[in-house]
Amino acid sequence: MEILTTPTSWPAVILGLIVGIYWLRVLQMVARTKRAVGRAANFVPPERLGRLLRFVWIPVVLLWIFLPLVTPLVGGLPQVLLPMTFAGSEVVGWVAVGVAVVAFALTWVCWVKMGTSWRMGIDPNERTTLVFNGPYAYVRHPIYGLSQVLMLASLGTLPSPVMVVVAGLHLLLMQWEVRREERYLVLLHGAAYADYIRKVGRFVPRIGRW
């Protein structure tokens with residue numbers, strides 16, 4: 001196995017490490033929630049559709065972590081795994097790393113603000129406290145929005161055909177999951193969440209309000 005160490009490989013490797021740390025933190029919060037409330041933050045949702053979606057979502061996350069870490073450093077890989085090179089691709093890669101660092105830092109702020117209300121899916125038998133302050137005063141789903149930014153940053157460091165598919169699946173799943181959760185939260189919390197939707201944008205302030 002040939003190990004490559006070109007300047008263009010390092011942004012992808014660093015991005016892979018950032019994404020790996022991101023998901024290690026998620027697993028840590030899942031374990032913490034399990035200890036605190038006896039539920040694993042819906043890591044495996046009790047609802048059937050949520051569990052089925054995990055069969056797509058978990059491989060996407062694993063590829064998201066390992067493709068940036070492995071692809072730039074290993075020679076002899078199939079063409080579909082190799083990044084497309086273009087003028088300024090190294091600069092784009094480093095800019096993407098900077099964007100990823102900011103997105104991760106902001107996500108951490110959102111995790112702290114959510115506290116014990118943080119969940120990863122829908123549990124029809126559970127009622128958590130709504131959070132309307134901090135970042136949630138400006139956008140309804142900052143964690144999901146920043147996750148999509150982090151994925152696009154990953155694509156910026158590793159613009160390969162396979163990574164394009166991984167990014168597309170992730171973005172579609174995030175968009176679908178957000179809309180499913182919003183319908184569920186309106187049913188669960190009624191006017192309080194419906195009024196929140198009317199006032200606050202989905203991913204960007206003032207954009208995506210009902």
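How much area does the chain expose, and what share of it do carbon and sulfur atoms supply? The exposed area is about 10800 Å². Carbon and sulfur supply 70% of that. Keep in mind that this is a predicted model.

Let me start with the overall build. The chain has 6 helices and 0 strands. Read from the N terminus, the order is α-α-α-α-α-α. Along the principal axes, the C-alpha atoms fill a box of roughly 55 × 35 × 25 Å.

Now the radius of gyration. A compact globule of 210 residues would come out near 17 Å. This chain has 18 Å, so the two agree. As for burial, 46% of the 210 residues are buried.

How are the contacts spread along the sequence? Take contacts between residues at least 6 apart. Of these, 78% join residues at least 24 apart.

A word on charge. I have 20 positive side chains and 9 negative ones. The centres of the two sets lie 8 Å apart.

Next, the inside. In soluble globular proteins, nonpolar side chains tend to be buried together. Here the largest nonpolar core has 50 residues. Which residues have the most contacts inside this core? They are Tyr22, Trp23, Val26, Trp64, Trp111, Trp118 and Ile143.

Which elements give two or more residues to the core? Here is the list, with the residue ranges. It runs α1 (9-37), α2 (48-70), α3 (89-114), α4 (142-157), α5 (161-189) and α6 (191-199). Helix α1 gives the most, with 9 residues.

Let me zoom in on Trp111, one of those core residues with the most contacts. Set aside its neighbours within four places in sequence. Trp111 is then in contact with Tyr22, Arg25, Val26, Met29, Phe104, Trp118 and Ile143. Compare that with the core list. Tyr22, Val26, Trp118 and Ile143 appear in both.

Back to α1, for two residues. Gly20 is in this helix. Is Gly20 buried or exposed? Its relative accessibility is 16%, and the cut-off for buried is under 20%, so Gly20 counts as buried. Gly20 also pairs up in space with a residue further along the chain. Phe66 is 46 residues away in sequence, yet the two C-alpha atoms are 8.2 Å apart.

Leu17 is in α1 as well. Its relative accessible area is 48%, so Leu17 is partly exposed; the range for that label runs from 20% to 50%. For a distance across the model, take Leu17 and Tyr184. They are 167 residues apart along the chain, and their C-alpha atoms are separated by 34 Å.

Last stop, the loop between α1 and α2. Ala41 is in that loop, and Asn42 is there too. What is phi at these two positions? For Ala41 it is near 55 degrees. For Asn42 it is near 60 degrees. Both values are positive, and neither residue is glycine.

Are these two loop residues buried or exposed? Ala41 has a relative accessible area of 0%, so Ala41 is buried. Asn42 has 7%, so Asn42 is buried as well.

To recap. We have 6 helices and 0 strands, and a largest nonpolar core of 50 residues. Helix α1 gives that core the most residues. The loop after α1 holds Ala41, with its positive phi, and Asn42, also with a positive phi.

Methods. Residues numbered from 1 in each chain as written. Predicted model: local features only at pLDDT ≥ 70, side-chain atom pairs only at ≥ 80, totals over all residues. Heavy atoms only, no water. Core = buried A, V, L, I, M, F, W, Y, C linked by side-chain atoms within 4.5 Å. Buried < 20%, exposed > 50% of the residue type's maximum accessible area, 1.4 Å probe, protein only. Helix = DSSP H or I, 4+ residues; strand = E, 2+ residues; numbered from the N terminus. Contact = heavy atoms within 4.5 Å. Rg over C-alpha atoms; globule rule 2.2 N^0.38 Å. Areas by Shrake-Rupley, 256 points an atom, 1.4 Å probe, with all protein chains shown as cover. Lys, Arg positive; Asp, Glu negative; His and termini not counted. Charge placed at Lys NZ, Arg CZ, Asp CG, Glu CD.
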